[in-house]
Amino acid sequence: MIYKGDNLHVDFIEPGIAEITFDAPGSVNKFDEKTLTEFSEALDSLSGNSDLRGVLVRSAKPTFIVGADITEFLTLFADLEKTKTWVHKASRVFDKLEDLPVPSVAAVNGFALGGGCEAILACDYRIADETAVIGLPEVKLGLIPGFGGTVRLPRVIGPDNALEAITTGMNHKPEKALAVGLVDAVTSSDHLKEGALSMLRDAIAGELDWQAKRQPKLEALKANDTEKLMSFSTAKGMIWAKAGKHYPSPHAALEVVERGAGEGREAALNIENELFVKLTQTDAARAQVGIFLADQLVKGKSKKVAKSATKKISRAGVLGAGIMGGGIAYQSASRGVPVVMKDIRRDALDLGLNEASKILGKALERGKISQKIVAKTLTSITPTLNNSELADVDIIVEAVVENPKIKASVLAEVEKVVAKDAIITSNTSTISIDKLAESLEDPSRFCGMHFFNPVHKMPLVEIIRGKHTSDETIAAVTAYALQMGKTAIVVNDCPGFLVNRVLFPYFAGFSKLLDDDIDFTGIDKVMEKEFGWPMGPAYLCDVVGMDTADHATNVMAEGFPTRMARDDNGAIAKLAAAERYGQKNGKGFYEYSVDKRGRPQKVVNPDVYDIIGKKSASAEKDEIIARCMIPMVNEMIRCVEEGIVDSAEEADIALIYGLGFPPFRGGAFRYLETLGLEKFVELADKYADLGEIYQVTDGLREKAKTGGTYFKS
Ligand SMILES: NC(=O)c1ccc[n+]([C@@H]2O[C@H](COP(=O)([O-])OP(=O)(O)OC[C@H]3O[C@@H](n4cnc5c(N)ncnc54)[C@H](O)[C@@H]3O)[C@@H](O)[C@H]2O)c1
């Protein structure tokens with residue numbers, strides 16, 4: 001034994017060959033502060049050893065090293081000086097590995113991400129097994145690699161491949177890693193250690209020129225000026241097209257690689273350190289790290305709930321083969337839970353199946369699935385017009401039209417058909433779960449299971465607990481949502497639940513801007529380009545459907561009569577009355593068609609102004625943002641204060657996964673904290689006369705005064 005720490009150890013495994021083994025307690029290895037310290041001490045213990053001829057780096061776990069410990073980030077980044085010292089010191093530990101006077105080989109299994117990837121880049125050779133997943137995903141956290149990744153990767157795989165990898169955060173599976181030169185060989189898991197040792201012995205014997213392999217990593221990037229110019233200008237174009245102006249990290253990644261290209265390792269590392277630290281102080285990094293941590297919290301919580309389920313869902317029944325029913329049936333079948341899909345119309349069943357075929361066809365075309373999977377998924381969906389075929393399902397997901405009376409009778413009917421212990425859920429978007437539960441004899445087995453459109457793409461499922469819903473029902477439905485590959489968030493019942501409850505005040509804020517004669521195209525432009533929503537409120541109304549939005553407005557008005565009263569003269573009501581339903585019938589705020597090449601077109605036809613009135617006023621972008629967003633944030637605060645959702649973290653994830661809230665803003669609560677609670681209250685007070693949706697709660701006022709936060713972690 002040469003070195004023994006809690007998270008890694010170093011041993012001579014044969015004469016002259018030392019093995020650094022990462023083996024932290026727990027399920028994975030990561031570069032937390034302690035591991036970095038031990039790594040540094042382990043390398044120090046090797047550097048003066050005169051018996052040393054070669055070093056093997058590997059993991060004793062099913063996965064190599066998953067990266068830095070992100071749970072340490074937000075506290076660390078709050079202290080600028082500490083962050084500077086940390087990143088400078090940590091990055092130099094990797095130099096110690098690279099500077100060993102003997103050859104080094106990394107044996108890579110499972111994830112080698114972030115710091116894990118940077119550790120293998122500091123070795124002279126890399127060999128991977130077929131489970132390896134290698135990459136530098138830091139941009140997804142609003143950061144760049146901080147342990148030399150931006151310096152070593154371009155020198156190992158060339159600037160084009162490196163820039164693509166670093167600015168997108170993509171993962172490399174073994175074949176891709178081998179093709180770009182990120183690893184030198186790929187082998188089976190059984191032979192990984194032996195393969196790495198054999199490579200190391202060859203290097204020690206001089207059959208592999210490890211010094212020549214190492215040298216380029218210590219010097220300026222080997223590429224002529226024209227090559228560099230081409231690489232950097234292509235990357236610049238791609239970054240602007242993909243990331244735009246709201247995400248600083250891909251731009252910083254390019255800057256680091258470009259500025260460091262003419263430098264040796266030390267100077268290039270200093271540039272990386274400088275930009276890494278700069279990014280740690282951005283709102284985007286705080287938001288994106290916050291999302292990562294909140295996502296972990298949500299996933300951990302739902303896994304725990306799902307584990308407690310005693311009822312296993314092996315077969316499901318979906319009622320309604322429309323947009324949602326068809327999507328839910330596809331998703332369930334594609335994740336291995338066969339489905340009986342029931343409708344009252346044969347043509348609806350055909351449409352539902354067609355939708356599933358289309359999604360599968362696209363995946364087949366892209367080479368993501370085989371013909372066998374296509375056939376298996378389609379045969380797992382049994383269309384039917386008869387309730388009797390639902391007799392042996394474990395769960396029902398009701399997705400018929402959003403009409404409380406129809407839903408009540410459909411639910412009562414199906415309860416008579418299914419087994420006594422079968423679970424019954426509704427995909428209603430707004431109708432109270434407690435109200436629907438009144439139609440059932442056993443409301444304890446009933447809850448909401450709210451999917452988002454399109455089901456196969458949107459990651460969120462809101463699970464709505466009614467006052468009679470049992471814990472077992474929640475556990476089994478959570479397990480089913482996870483089986484379907486979704487992120488599940490459990491909320492308590494109220495009109496609109498969580499996501500739609502906060503969406504409608506946002507639409508109301510938008511309507512009030514229209515009432516003030518502000519043009520909807522200008523509002524959409526600001527909310528998309530400046531705030532960062534994937535679609536502005538007018539466009540979103542068209543996608544949701546004006547009839548659906550109008551109908552939901554009634555439900556919300558009934559639930560919250562003073563705050564969300566219906567406005568019959570509002571643009572949404574007028575467009576719905578004029579049967580301009582949005583994308584579903586080609587006309588809403590905008591008009592929809594396809595161009596000559598079959599690409600979707602969205603245009604403004606001045607006809608719309610005959611219905612909603614000519615809008616000729618304009619407003620500053622800050623005012624548009626404030627008037628749309630304050631009602632959403634205020635409603636979200638009410639949801640947390642009333643216990644509709646357990647935490648601000650879950651609320652933020654629900655908005656990001658359910659509505660596409662801009663990730664660089666991190667969710668409604670992160671946005672509130674970034675603005676500052678005091679500043680938000682001040683801003684909301686300015687608009688308080690516009691109505692209750694602008695008026696802040698006493699809880700927020702108090703927190704703003706005392707410097708409190710809504711986040712628990
Ligand atoms: N469309 C969305 O974006 C969206 C998103 C989330 C939730 N939802 C909710 O999902 C539900 C369905 O919405 P949709 O958009 O899929 O509607 P849809 O109109 O596309 O489909 C409804 C289907 O239900 C069928 N149906 C009607 N009565 C039935 C009965 N008695 N038994 C079986 N089938 C019956 C209809 O024939 C139709 O095929 C609604 O509650 C809606 O609020 C919709």
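Visitor: What makes residues 316–494 a stretch with a name of its own?

Guide: That name comes from a record. UniProt, in an unreviewed entry, places "domain: 3-hydroxyacyl-CoA dehydrogenase NAD binding" at residues 316–494. Keep in mind that we're looking at a predicted model here. In that model, the span is 41% helix and 21% strand, and its end C-alpha atoms lie 26 Å apart.

Visitor: Which feature does UniProt place at residues 496–592, and what is the span made of?

Guide: The unreviewed entry puts "domain: 3-hydroxyacyl-CoA dehydrogenase C-terminal" there. This span is 60% helix and 2% strand, with its end C-alpha atoms 28 Å apart.

Visitor: Let's pick one residue, then. Where is M449, and why is it called buried or exposed?

Guide: You'll find M449 in strand β16. To be called buried, a residue needs 20 or more other C-beta atoms within 10 Å of its own. M449 has 28 of them within 10 Å, so it counts as buried.

Visitor: Which residues does M449 touch, once close neighbours in sequence are left out?

Guide: Leaving out residues up to four places away in sequence, M449 touches V397, T425, N427, V461, I463 and V477. The test for a touch is that the two C-beta atoms lie within 7 Å.

Visitor: And how far is M449 from D689?

Guide: They're 240 residues apart in sequence and 37 Å apart in space, going C-alpha to C-alpha.

Visitor: What makes β16 a mostly covered strand?

Guide: Just count: β16 runs over residues 446–451, and 6 of its 6 residues are buried. You can check both sides, too. F446, G448 and H450 point one way, while C447, M449 and F451 point the other way, and all of them are buried.

Visitor: How do you know that β15 and β16 pair up?

Guide: Pairing takes at least two bridges between two strands. Strand β15 (residues 423–426) and β16 have 3 bridges, so they pass, and they run parallel. One place to look is S426, whose bridge partner in β16 is G448.

Visitor: What joins β16 to β17, and in which sense do they run, parallel or antiparallel?

Guide: There are 4 bridges between β16 and β17 (residues 460–465), and these two run antiparallel. Find F451 on your screen: its bridge partner in β17 is V461.

Visitor: How do you know that both faces of β15 are covered?

Guide: Look at each side in turn. I423 and T425 sit on one side, I424 and S426 on the other, and all are buried. As for its partners, β15 also pairs with β14 (residues 395–398) in the parallel sense, over 4 bridges. There, I395 stands opposite I423.

Visitor: Let's try a helix. Which residues of α29 are buried, and how do you know where they sit around the axis?

Guide: In α29 (residues 677–686), the buried ones include L677, F680 and A684. They cover an arc of only 60 degrees around the axis, which puts them on the same side of α29. There's a handy rule behind that: an α-helix has 3.6 residues a turn, so residues three or four places apart point the same way. The cover over the buried residues of α29 includes α26 (621–641), α28 (668–675) and α30 (698–706).

Visitor: What surrounds the ligand?

Guide: A shell of 24 residues, and the closest are G320, G322, M324, A348 and N453. The shell divides into 13 nonpolar, 7 polar and 4 charged residues. Helices α14 (323–334) and α17 (404–417) each supply at least two residues, and α14 gives the largest share, with 3.

Visitor: What makes β1 and β10 edge strands?

Guide: Each of them pairs on one side only. They belong to an open sheet of 7 strands in the order β1-β2-β3-β4-β5-β7-β10, with mixed pairing. Inside that order, β4 (residues 54–59) and β5 (residues 104–108) run parallel, joined by 3 bridges, and V55 stands opposite S104.

Visitor: Which strands are the edges in the sheet β6-β8-β9?

Guide: That's an open sheet of 3 strands with mixed pairing, and its edges are β6 (111–113) and β9 (171–172), each pairing on one side only. Strand β8 (residues 133–135) meets β9 through 2 bridges, so the pair just satisfies the rule of at least two. These two run antiparallel, and the bridge partner of G135 in β9 is N171.

Notes. Residues numbered from 1 in each chain as written. Predicted model: local features only at pLDDT ≥ 70, side-chain atom pairs only at ≥ 80, totals over all residues. Near = placed C-beta within 6 Å. Nonpolar A, V, L, I, M, F, W, Y, C, P; charged D, E, K, R; others polar. Buried ≥ 20, exposed ≤ 12 C-beta atoms within 10 Å, placed from the backbone. Arc of directions from axis to C-beta. UniProt positions renumbered as here; feature names shortened; annotations may be inferred.
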